[in-house]
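I am keeping these entries as a record of what I looked up in this structure, one topic at a time. The order follows what I turned to as I went along.

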Amino acid sequence: MGSGVGSGRFAVLMVGHGSACTSANRAFEALVAEVARRCDASALAFAYLGAAAPTLGTELARLLEQYRRVLVVPLLLFDAAHAGRDLPRALEAARSRSPGAEIELTPVLGEAPALIALAREQVMAVYPPGPATPELLVVGRGSSYPGAVDALRRVAEALGGAWPVEGPFVAFLAAALPTVEVALASALQQGVADLVVLPYLLFGGNLARDLRGRLERFGGQHPHPRLHLASHPGVHPDLPTVLAEHVCSNLRRCGWWAS
């Protein structure tokens, strides 16, 4: 990104869910460090929405003591409870405490074409295109917000439309339907021979372990469909570069950085 992010004109704050799983938080912090390295960003910080420290409110207040402008970058996939409710509330509270500050919020990442492209590569890594046509099951975290559920369905359609699959199926790990088990049963009933399972997640942790366990239980009871578990896009080696460009493009959108 160049030296602009560390120039003292503004700061960038990357925000994660926060997890009781220490390894998930470490993965988030390692990703932020990689983005900062690509951005040459001395003023790139991180915070959590819950279950870990520093919290969003605390870190935003610290940055606003030093910078008049802060770009808040949620590393969230969809507009669910955090992005649709918690983040705007926290930012409004910060603006009321610092009326001269400029605080900008970037869009969530789930439907970004660059992230979908990384997910597609993860799928092709476990089942390269060939004469056989597999099905695709895209698994999301799940949310009670209908907009987040609909967004994952659009992601699945985008993945299916650019890759030779008959589906795609969609399932959720929690808070939305269908469940993973229902989707797997549907694939079984339809006579699917090969099913590529893509966890559409930025961070694995307990969610990834939960999904793997469900797939292992199903596979132990049913020889078909053959299950091919793809890695989630959060571990793709190009993700830090994609996120760095996401930061750059939003700084340009705000008019804070012209390079």
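**Entry: cis peptide bonds and an unusual phi**

I began at P178, which is placed in the loop between β6 (169–172) and α6 (180–189), in what I have to keep in mind is a predicted model. The peptide bond that joins L177 and P178 is cis, and I find omega at about 5°.

In the loop between β6 and α6 I also looked up A175, whose phi is near 70°, a positive value in a residue other than glycine. A175 counts as exposed, because its relative accessibility is 59% and the cut-off for that word is over 50%.

A cis peptide bond also runs from A53 to P54, with omega near 5°. Here the proline, P54, lies in the loop between β2 and α2 (56–64).

**Entry: aromatic pairs**

I then turned to the rings, and found that the structure holds 6 aromatic pairs. I took up the pair of F28 and F46, whose ring centres are 6.1 Å apart and whose planes stand at 85°, so I note this pair as edge-to-face, the angle being over the 60 degrees that this class asks for. F28 belongs to helix α1 (residues 22–39) and F46 to strand β2 (residues 44–48), so the pair ties together parts that are 18 residues apart in sequence.

How buried or exposed are the two partners, F28 and F46? F28 is buried, at 2% relative accessibility, whereas F46, with a relative accessible area of 25%, is partly exposed. I also checked whether the pair stands in a wider group, and F28 and F46 form one aromatic cluster together with Y48 and F203.

**Entry: helix α4**

For α4, which covers residues 113–126, I compared the span with the expected one: its 14 residues reach 21 Å from the first C-alpha to the last, close to the 20 Å expected at 1.5 Å a residue. The buried residues that I list in α4 are L115, I116, L118, A119, Q122 and V123. Seen down the axis of α4, the buried residues fall within an arc of 155°, so they line one face of the helix. I set beside this the general point that an α-helix has 3.6 residues a turn, so residues three or four places apart point the same way. On the face of α4 turned away from the buried side I find the exposed residues P113 and A125.

Past this helix, in the loop between α4 and β5 (135–140), I looked up P134, which is buried, with a relative accessible area of 1%.

**Entry: pockets**

Which residues lie closest to the centre of the largest pocket? The largest pocket has a volume of about 630 Å³, and of the 33 residues that line it, H17, L76, R141, L201 and L207 are the closest to its centre. The elements that give two or more residues to this lining are α1, α3 (81–97), α5 (146–161) and α7 (205–221). By type, I sort the lining of the largest pocket into 20 nonpolar, 12 polar and 1 charged.

The second largest pocket has a volume of about 180 Å³. Its lining includes P199, G205, A208, R209, L211 and R212, and L229, A230, S231, H232 and V235 are also part of it. The largest share of this lining, 5 residues, comes from α7. The lining of the second largest pocket divides into 6 nonpolar, 3 polar and 2 charged residues.

**Entry: separations between C-alpha atoms**

Last, I looked up some separations in space against separations in sequence. V35, placed in helix α1, counts as buried at 0% relative accessibility. Between the C-alpha atoms of V35 and R214 I find 33 Å, with their positions 179 residues apart along the chain. S96, by contrast in its setting, is exposed at 57% relative accessibility and has its place in helix α3. S96 and C254 are 158 residues apart in sequence, and their C-alpha atoms are 20 Å apart in space. For P134, the buried proline noted above, I looked at R89, which is 45 residues away in sequence and 44 Å away in space, C-alpha to C-alpha.

Conventions: Residues are numbered from 1 along each chain as its sequence is written. This is a predicted model: local features need pLDDT of at least 70, side-chain atom pairs count only at pLDDT 80 or more; totals for chains, interfaces and linings use all residues. Side-chain values use heavy atoms; hydrogens and water are left out. Rings of Phe, Tyr and Trp (its six-membered ring) pair if their centres lie within 6.5 Å; planes under 30 degrees apart count as stacked, over 60 as edge-to-face and the rest as tilted. Helices (H or I, at least four residues) and strands (E, at least two) are DSSP runs, numbered from the N terminus. Buried means under 20% relative accessible area, exposed over 50%, partly exposed in between (1.4 Å probe, protein chains only). The expected span of a helix is 1.5 Å times one less than its number of residues. The arc is that of the directions from the helix axis to the C-beta atoms. On a 1 Å grid over the protein atoms alone, a cavity is a set of points where a 1.4 Å probe fits but cannot get out, and a pocket is an open set with protein on both sides within 12 Å along at least five of seven lines; lining residues have an atom within 4 Å of a point. Grid points are joined across faces, edges and corners, and a volume is the space filled by probe spheres set on the points. Ala, Val, Leu, Ile, Met, Phe, Trp, Tyr, Cys and Pro count as nonpolar, Asp, Glu, Lys and Arg as charged, and the others, Gly among them, as polar.
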